[in-house]
Amino acid sequence: MVASTHWLASAAGMSVLERGGNAFDAAVAAGFVLQVAEPHLNGPGGEVPILLWSEAEQKVSVVCGQGVAPAAATVEHYTGLGLEIVPGTGLLAATVPGAFDGWLTMLERWGTWTVADVLEPAISYAERGVPVLPRIADTIATVEQLFTEDWATSAAHWMPDGQVPAPGSRLTNPTLAATYRRVVAEAQAASTGREGQIAAARAAWYRGFVAEAIAKFCAETAWRDSSGEVHGGLLTGDDLAGWRATVEEPLSFDYHGHTVCKTGPWGQGPVFLQQLALLAGTDLGSMDHLGPDYIHTVTESAKLAFADREAWYGDPAFTDVPVGTLLSESYNAGRRALIGPEASLELRPGTVDGRTPRLFQPSAAVAAYQNAAGAGEPTVAPNGRTRGDTCHLDVVDRFGNMVSATPSGGWLQSSPVIPELGFPLGTRAQMFWLQDGLPASLRPGARPRTTLTPSFALREGKPWLAFGTPGGDQQDQWSLNFFLTLVHTGMNLQEAIDAPMFHSAHFPSSFFPRESRPGVLLVEDRVGAGVVDELRRRGHEVEVQDSWTLGRLSAVARATAPGGFLRAAANPRGAQGYAAGR
């Protein structure tokens with residue numbers, strides 16, 4: 001089974017499985033296709049966190065394909081430029097592109113195919129073209145003036161005829177195809193073995209011609225970014241050469257017979273677990289599903305968990321994140337007591353082990369950045385309307401191996417295209433704070449506290465569910481809602497994805513310009529007018545969204561009993577996601 005946010009990626013993944021590849025081979029091939037089919041949502045300059053179940057190893061592992069801040073990226077450097085927050089676009093926001101080595105690390109350790117095999121579908125689509133999605137055309141139209149006036153390389157690349165491409169027209173990227181063909185050629189010239197070719201491909205990307213082009217572009221060019229000023233970049237060849245994707249143990253929490261696994265606190269993944277820890281002490285299962293009590297309880301739990309994300313999460317290699325306490329029953333009993341009958345309008349992080357939480361204190365000047373072209377996260381506009389998505393894919397194979405991956409970053413509106421390579425750099429450094437002493441403060445070599453958060457769950461100790469969604473700060477709300485629906489209602493995967501969705505915008509955004517909207521709760525209108533009225537009576541600032549507009553989930557599942565079926569489901573919202581199996 002393969003489920004993803006684009007039908008071409010799902011088809012590519014299924015093609016790999018049908019030709020003898022395993023789940024890891026299929027996920028890598030599908031991931032590279034997503035870079036071509038959804039360039040407004042992810043790209044080669046971006047990153048990918050992965051959760052996987054290896055049937056051979058009988059364990060869950062995390063692959064961290066999140067690159068780090070450059071060695072020159074200090075708070076003093078940015079504040080010396082007159083910046084209070086990292087720009088949301090342009091070269092100053094770039095971290096080491098992590099997606100390539102994230103995918104190759106999984107391929108090397110658990111896959112069976114070669115670099116040439118997994119890149120072939122993406123190369124073919126880049127050369128021959130894919131249909132321009134309406135959202136691709138809309139995205140390019142949004143930043144058309146930025147491209148034509150300031151980012152000439154992007155205008156030449158994404159508007160080759162001087163016009164915004166029409167929906168349904170053919171989108172090609174021959175320069176990216178040539179980049180990947182050269183990677184394959186250098187890999188095959190270096191070795192006849194699969195592992196040797198993977199090592200050579202990694203060298204081409206992080207120490208060879210790709211790294212050289214990135215370093216030269218950052219050192220020798222400067223571009224207008226969302227601060228309104230022109231800046232060059234900080235990434236160097238040494239930054240790329242010194243970084244590798246890592247394999248880590250997941251964090252987990254047991255909830256009603258299910259064990260949910262997430263990334264470490266360098267991502268927002270543990271906030272899913274914190275919400276479970278809070279909800280475990282409530283009577284959620286007896287509440288009317290998607291009734292006012294249910295939505296209120298889940299929302300108020302989210303506010304508390306995300307407040308702790310703001311106060312405590314960061315790269316654990318650079319800051320002490322008290323994960324054990326944050327997931328403990330003693331801590332959550334006290335936090336749970338804060339959930340009252342009325343909506344809270346405060347950001348309330350907890351005091352942990354005697355440590356006082358610290359939060360970023362923005363000035364009024366930060367609000368001036370709010371309308372910068374291309375800035376911010378590409379998923380949800382401040383009014384809740386979707387502007388696109390990041391990407392997600394899930395795979396389960398005939399052996400029982402499973403993958404959940406959320407590739408993102410390096411989207412076409414993030415940064416000027418590097419003309420020799422055919423893609424822009426990412427902007428994940430915008431998630432750092434330019435204030436010393438915070439867990440997510442900017443530090444050279446640190447990982448930004450990313451929002452990318454794939455999910456995996458076991459049922460009664462047996463591998464069961466790989467799932468996730470695009471959506472920035474909403475990811476660990478939408479995916480939590482999906483999971484809770486499965487656990488407490490008995491709906492199947494597709495029914496749970498199709499159910500009306502909601503999320504809070506109460507806490508600071510992880511993306512430039514880092515705005516927060518205290519008390520705001522977005523709900524699809526399908527929850528019903530009576531529910532909306534009651535939520536408003538309780539003090540929620542409810543913003544009703546159209547039907548089928550919130551959430552972008554996909555999932556694959558194994559039966560926990562012998563001889564059961566594999567299952568998959570994908571998001572109907574946007575008519576773009578697709579699940580397939582045989």
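This section describes the strands, helices, aromatic pairs and cysteines of a predicted model.

The arrangement of strands is considered first. Seven strands form an open sheet in the order β8-β3-β2-β12-β11-β1-β22, and their pairing is antiparallel. The edges of this sheet are taken by β8 and β22 (578–580), each of which has a single partner strand, so that one side of each is left without a neighbour in the sheet. Direction ignored, neighbouring strands of the sheet are turned by 15° against each other on average.

Within this sheet, β2 (48–54) pairs with β3 in the antiparallel sense over seven bridges, and leucine 52 stands opposite serine 61 in β3. The two strands β2 and β3 form a hairpin with four residues between them, and in the turn glutamine 58 has a positive phi of about 55°. β2 also pairs with β12, again in the antiparallel sense, over four bridges, with methionine 402 in β12 as the bridge partner of tryptophan 53. Strand β12 (residues 402–405) is in turn joined by four bridges to strand β11 (residues 393–396), and these two strands run antiparallel. Methionine 402 in β12 is the bridge partner of valine 396 as well.

In a regular strand the side chains alternate between the two faces of the sheet. In β2, Val48, Ile50, Leu52 and Ser54 point one way, whereas Pro49, Leu51 and Trp53 point the other way, and all are buried. The strand is accordingly described as mostly covered, with seven of its seven residues buried.

Two helices lie across strands of the seven-stranded sheet. Helix α2 (residues 23–37) lies across β2, β11 and β12, and runs at about 160° to β11. Helix α4 (residues 99–110) lies across β2, β3 (59–65), β8, β11 and β12, and runs at about 15° to β2.

A further open sheet consists of three strands in the order β17-β18-β19, with mixed pairing. Here β17 (502–504) and β19 (541–545) stand at the edges, and each has a single partner strand, so one side of each lacks a neighbour in the sheet. The average turn between neighbouring strands of this sheet, direction ignored, is 20°. Strand β18 (residues 520–524) runs parallel to β19 and is joined to it by five bridges, with glutamine 545 in β19 as the bridge partner of glutamate 524. Helix α14 (residues 292–312) packs on this sheet, where it touches β17 and β18, and its direction makes about 35° with that of β17.

Burial was also examined for a helix and for individual polar and cysteine residues. Helix α13 (residues 270–279) is largely enclosed by the rest of the structure, because 10 of its 10 residues are buried; among them are Pro270, Phe272, Gln274 and Gln275. Glutamine 66, found in the loop between β3 and α3 (75–80), has a relative accessible area of 3% and is therefore buried, the cut-off being under 20%. Beyond residues up to four places away in sequence, the contacts of glutamine 66 include Glu47, Thr95, Trp243, Trp266, Arg428 and Arg447.

A search of the whole structure finds zero disulfides. Cysteine 64 is in no disulfide, and the nearest cysteine sulfur, that of cysteine 261, is 16 Å away. Cysteine 64 is buried, with a relative accessible area of 2%, and cysteine 218 also counts as buried at 2% relative accessibility.

The aromatic pairs in the model number 18. In one of these, the rings of tyrosine 206 and tryptophan 243 have their centres 5.8 Å apart and their planes at 45°, so the pair is tilted. This pair links distant parts of the chain, since tyrosine 206 is in helix α10 (residues 194–206) and tryptophan 243 is in the loop between α12 (237–241) and β8 (246–248), 37 residues apart. Both tyrosine 206 and tryptophan 243 are buried, and tryptophan 243 is also one of the residues touched by glutamine 66. Elsewhere, ring pairs link Phe32, Phe100, Tyr180, Trp205 and Phe423 into a cluster.

Charged groups also sit over aromatic rings. The charged end of arginine 182 sits over the ring of phenylalanine 209, 4.0 Å from its centre, and that of arginine 514 sits over the ring of tryptophan 433, 3.7 Å from its centre.

Conventions:
Residues numbered from 1 in each chain as written. Predicted model: local features only at pLDDT ≥ 70, side-chain atom pairs only at ≥ 80, totals over all residues. Heavy atoms only, no water. Phe/Tyr/Trp six-rings, centres within 6.5 Å; stacked < 30°, edge-to-face > 60°. Buried < 20%, exposed > 50% of the residue type's maximum accessible area, 1.4 Å probe, protein only. Lys NZ or Arg CZ within 6 Å of the ring centre and 35° of its normal. Pairing = 2+ DSSP bridges. Axes fitted to C-alpha atoms, helices over the stretch in contact; angles between N-to-C directions. Contact = heavy atoms within 4.5 Å. Disulfide = S-S within 2.5 Å.
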